[in-house]
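Welcome to this structure! Here are a few notes from a colleague to help you find your way around.

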Amino acid sequence: MASETPKVKLTGTTHVKPNKKLGKKEHCQLVTFDLPYLAFYYNQKLLFYKGSDFEGMVKKLKESLGVVLVEFYQLAGRLGKDEEGVFRVEYDDDLEGVEVLEAVAEVISIADLEVEEGTSSLKELIPYSLVLNLEGLQRPLLAVQLTKLKDGIAIGCAFNHAILDGTATWHFMSSWAEVCNGSSTISTRPFLERTKVRDTRVKLDLSPPPSNGNGTASSNGSASTPQLRERVFKFSESAIDKIKSAVNANPPSDGSKPFSTFQSLSVHIWRHVTKARSLKPEDYTVFTVFADCRKRVDPPMPDSYFGNLIQAIFTVTAAGLLAGNPPEFGAGVIQKAIESHNASAIEQRNKDWESAPKIFEFKDAGVNCVAVGSSPRFKVYEVDFGWGKPEGVRSGSNNRFDGMVYLYQGKSGGRSIDVEISLEAGAMEKLEQDEEFLLPIV
């Protein structure tokens with residue numbers, strides 16, 4: 001199938017700087033919440049829109065990018081180290097800024113990108129495949145690819161995950177769209193003082209590997225790893241309500257809170273993915289969620305905090321217990337793990353890491369894991385640059401592994417949720433045939 005994929009032709013590369021000079025060099029130390037992600041890959045997002053005036057769209061996107069970078073200038077910087085070897089974001093007016101690639105793929109239509117199965121076409125529309133965040137020492141922290149489609153435009157973005165998380169990513173994207181759509185200012189300025197949440201200086205002896213260029217190879221699969229498939233499952237409002245009410249049908253007797261939509265959908269995914277993997281009853285399975293800690297830390301940080309303020313929360317059980325008990329068992333396991341991750345737990349995690357720093361690889365999420373990133377709370381379908389809402393929002397091929405799940409707001413709005421899953425091909429085939437997972441609504 002890959003040989004039939006239309007090729008994307010790059011037509012040019014430019015750089016966009018903030019359209020006002022700062023007039024000074026800025027350094028912002030990376031903190032304990034940022035540093036573990038240096039060995040992840042750039043975080044890739046793709047949005048595609050209908051439209052015919054590609055040149056006009058590109059002009060507006062570049063102009064508004066220059067405006068919004070005045071506030072989000074760290075994205076126009078580079079990674080660096082201070083004299084003690086502590087990583088930081090560095091910015092000065094002489095840096096080249098954000099890399100902007102232009103491309104043409106006029107045989108690819110919006111409909112081609114809306115398919116539920118992940119395709120190699122998607123990968124060619126987003127830059128910096130297989131580029132480690134550590135390479136931000138040598139290349140821009142944000143790269144954008146603007147591709148002319150048959151009936152629209154694709155905006156592929158690669159963000160250096162060592163300097164920002166999903167909340168900050170979508171704050172930037174919505175702010176860029178605001179300016180492009182005609183606003184002279186952004187509604188919420190980023191909070192850039194990341195050392196307010198943690199100021200421990202941690203020296204890491206890391207150097208970037210030899211650059212592999214901007215390879216378009218997928219990170220999911222080699223001779224030693226099973227081939228993965230990527231698929232989006234779209235859950236309507238009524239399906240989400242049905243899942244949540246089923247999990248809450250027999251509330252726990254210990255007086256704990258009702259299970260949230262997130263907890264209910266998470267256990268639904270965890271149980272059915274575990275079933276699709278045909279695990280033995282005694283096999284362990286790990287559930288991981290990358291949780292936003294802005295309101296968990298003490299003192300709390302604003303939603304506009306620009307940086308990484310997430311931590312991975314892990315919980316584990318046996319496959320037989322997860323499958324053999326009703327769904328509220330697994331939901332309770334997830335709920336307890338999330339509820340217990342309070343300010344003191346975060347503080348202890350940070351102290352433990354600082355005493356023995358460990359740089360995670362993107363796939364270090366646990367055995368037989370289901371790992372949830374992104375959030376349906378991100379208003380991804382409200383990112384309107386002036387030509388309407390996106391026709392689709394997807395994640396790129398970077399940082400994918402068997403069991404990685406991205407949750408997005410559903411295109412139809414309300415409580416609908418799109419579930420983007422990467423799974424080993426055999427398990428994905430079983431999941432696609434699992435009617436209880438798909439939950440057809442009649």
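The points below cover a strand pair, a glutamate and the cysteines.

1. First, the ground rules: this is a predicted model, where local features need pLDDT of at least 70 and side-chain atom pairs count only at pLDDT 80 or more, while totals for chains, interfaces and linings use all residues. Residues are numbered from 1 along each chain as its sequence is written, and side-chain values use heavy atoms, with hydrogens and water left out.

2. Start with strand β9, residues 228-235. Strands here are DSSP runs of E with at least two residues, numbered from the N terminus. In β9, 6 of the 8 residues are buried, so the strand is largely enclosed by the rest of the structure. Buried means under 20% relative accessible area (1.4 Å probe, protein chains only).

3. Strand β9 runs antiparallel to β15, and 8 bridges join them; two strands pair if DSSP finds at least two bridges between them. R231 stands opposite I421 in β15.

4. Now look at E420 in β15, which spans residues 417-424. E420 is buried at a relative accessible area of 1%. Its side chain makes a polar contact (N or O atoms within 3.5 Å, one able to donate a hydrogen and the other to accept it) with the side chain of R400, at 3.4 Å. Beyond four places in sequence, the residues in contact with E420 (heavy atoms within 4.5 Å) include R231, V232 and Y406.

5. How many disulfides does a search of the whole structure find? There are 0, a disulfide being a pair of cysteine sulfur atoms within 2.5 Å. C293 is buried at 0%, and its sulfur cannot bond because the closest cysteine sulfur, in C28, is 18 Å away, too far for a bond. C369 is buried at 3%; the closest cysteine sulfur to its own is in C293, 19 Å away and too far for a bond.

Notes:
Helix = DSSP H or I, 4+ residues; strand = E, 2+ residues; numbered from the N terminus. Buried < 20%, exposed > 50% of the residue type's maximum accessible area, 1.4 Å probe, protein only.
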